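The following explanation considers one helix and its surroundings. The sequence and the structure are shown first.

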Amino acid sequence: MRAVLLKTGATVLTFATTVTAAVYVTSHLKNPAAPLRPTVLSAPGSATFSAPGGSLTVGPSVQPSAVQPVTSTYAS
Amino acid sequence: MPHSLAVESHHFAALGTNCSLFAADRSRGDLLEGEIWIRRLGARLTRFSADSELSQLNAAAGGWFGIGEELEAVLRASLNAFEMSAGLVNIAVLPSMIAIGYTRPLSEGVSVATLDAARPLRALPDVLSVRRGAARVADGSALDLGGIAKGWMADRLCESLGPNALANVGGDLRAAGAGPDGKGWPVAVAGTTLMLRGQGAATSSVRRRRWGEAHHLIDPRSGLPARTGLEEVSVVAAGGFEAEIAAKTALLLGPELAPVYCAAHAFAWSLGAADDD
């Protein structure tokens with residue numbers, strides 16, 4: 001009698017867990033409206049402007065200046 | 001208003017390009033030591049000399065070869081670069097370089113191209129193994145460090161020059177500290193001056209080192225010179241090495257994906273398309 005009760009309890013517990021998990025998963029679908037691109041693309045403070053040979057985008061951690069440069073990056 | 005610091009500078013030609021060193025509160029002797037370091041390391045890392053450490057490693061392909069601390073560090077950085085770029089930055093590019101005729105410094109001319117011999121590159125971790133004091137290159141593969149070595153050297157050299165310094169190794173540069181006026185180091189990027197503090201910059205381009213229809217930047221997916229719609233990319237990133245990887249990766253990704261990649265990996269970037277002048 002006790003063994004039957006244990007088996008029945010385990011079966012009920014398993015069934016309940018499965019149903020609960022299924023309900024949770026179906027109610028938490030991946031948000032189809034989630035952005036596919038990094039949000040940094042629209043971060044405030046970045047600016048894009050034309051530059052010789054292309055365009056230059058500058059993020060908020062880099063400051064443009066009118067100071068004469070001491071050196072430059074270039075292809076070698 | 002902060003006072004301008006005394007900045008020592010030193011310009012010289014090495015590695016087949018131009019280098020510039022700047023440092024606040026350092027002697028000219030310190031900068032000359034930096035030049036000597038670049039020359040010595042460059043001689044060990046070049047593929048154009050059969051006696052270099054890199055060439056000897058390539059010649060020993062198939063077996064383990066003892067290497068120095070610096071080459072070991074550059075090779076480990078190259079494996080990181082492969083991961084950072086999703087495989088687009090791959091130093092196992094030497095067979096393709098030879099296939100396109102880039103067998104010696106371009107000042108000495110190119111060789112006859114054998115494009116049929118070019119193949120897509122194997123994944124770097126499959127052909128390069130590194131352990132303490134030794135490395136192994138797989139049979140049939142060979143390494144060319146290219147710009148990775150320049151970015152890596154700029155970072156190391158800048159560290160050695162003190163807390164307020166700038167090292168520019170052939171266009172790959174690293175700026176540390178607040179610069180001479182406390183506002184950062186003024187660096188020209190795509191014709192615009194940007195103030196860099198604790199950042200690096202690099203440019204990858206197919207507008208130079210090109211001959212006929214060929215150029216030096218290999219797309220590892222084809223083993224042939226890249227044609228992505230971008231011709232030149234300049235990047236400001238966390239360091240010279242990171243900037244070098246980001247610039248090359250963005251150029252190889254092309255005009256559609258490069259802005260997305262740069263937004264995630266760079267602080268500033270310039271994209272020059274094939275039809276831009």
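The paragraphs below treat the helix itself, its burial and its packing.

This is a predicted model, in which local features need pLDDT of at least 70, side-chain atom pairs count only at pLDDT 80 or more, and totals for chains, interfaces and linings use all residues. Residues are numbered from 1 along each chain as its sequence is written, and chains are lettered from A and ligands numbered from 1 in the order in which they are written.

Helix α6 of chain B comprises residues 147-160; helices are DSSP runs (H or I, at least four residues), strands likewise (E, at least two), numbered from the N terminus. The end C-alpha atoms of α6(B) lie 20 Å apart, in agreement with the 20 Å expected for 14 residues at 1.5 Å a residue, the span being 1.5 Å times one less than the number of residues. Just after α6(B), Gly162(B) adopts a positive phi of about 110°.

Twelve of the 14 residues of α6(B) are buried, so the helix is largely enclosed by the rest of the structure. Buried denotes 20 or more other C-beta atoms within 10 Å of a residue's own, with C-beta atoms placed from the backbone. The buried residues, Trp152(B) and Arg156(B) among them, pack against α1, α3, β6, β7, β10 and α7 of chain B.

The axes of α3(B) and α6(B), lines fitted to C-alpha atoms over the stretch in contact, come within 10 Å and cross at roughly 115°. These helices are therefore roughly perpendicular, a term covering 65 to 115 degrees. Val74(B), Ala77(B), Ser78(B) and Ala81(B) of α3(B) meet Ile148(B), Ala149(B) and Trp152(B) of α6(B), contact requiring C-beta atoms within 7 Å.

Terms used
Two residues are in contact if their C-beta atoms, placed from the backbone, lie within 7 Å. Axes are lines fitted to C-alpha atoms, for helices over the stretch in contact, and angles run from 0 to 180 degrees between N-to-C directions. Angles under 35 degrees count as roughly parallel, over 145 as roughly antiparallel, 65 to 115 as roughly perpendicular and the rest as oblique.
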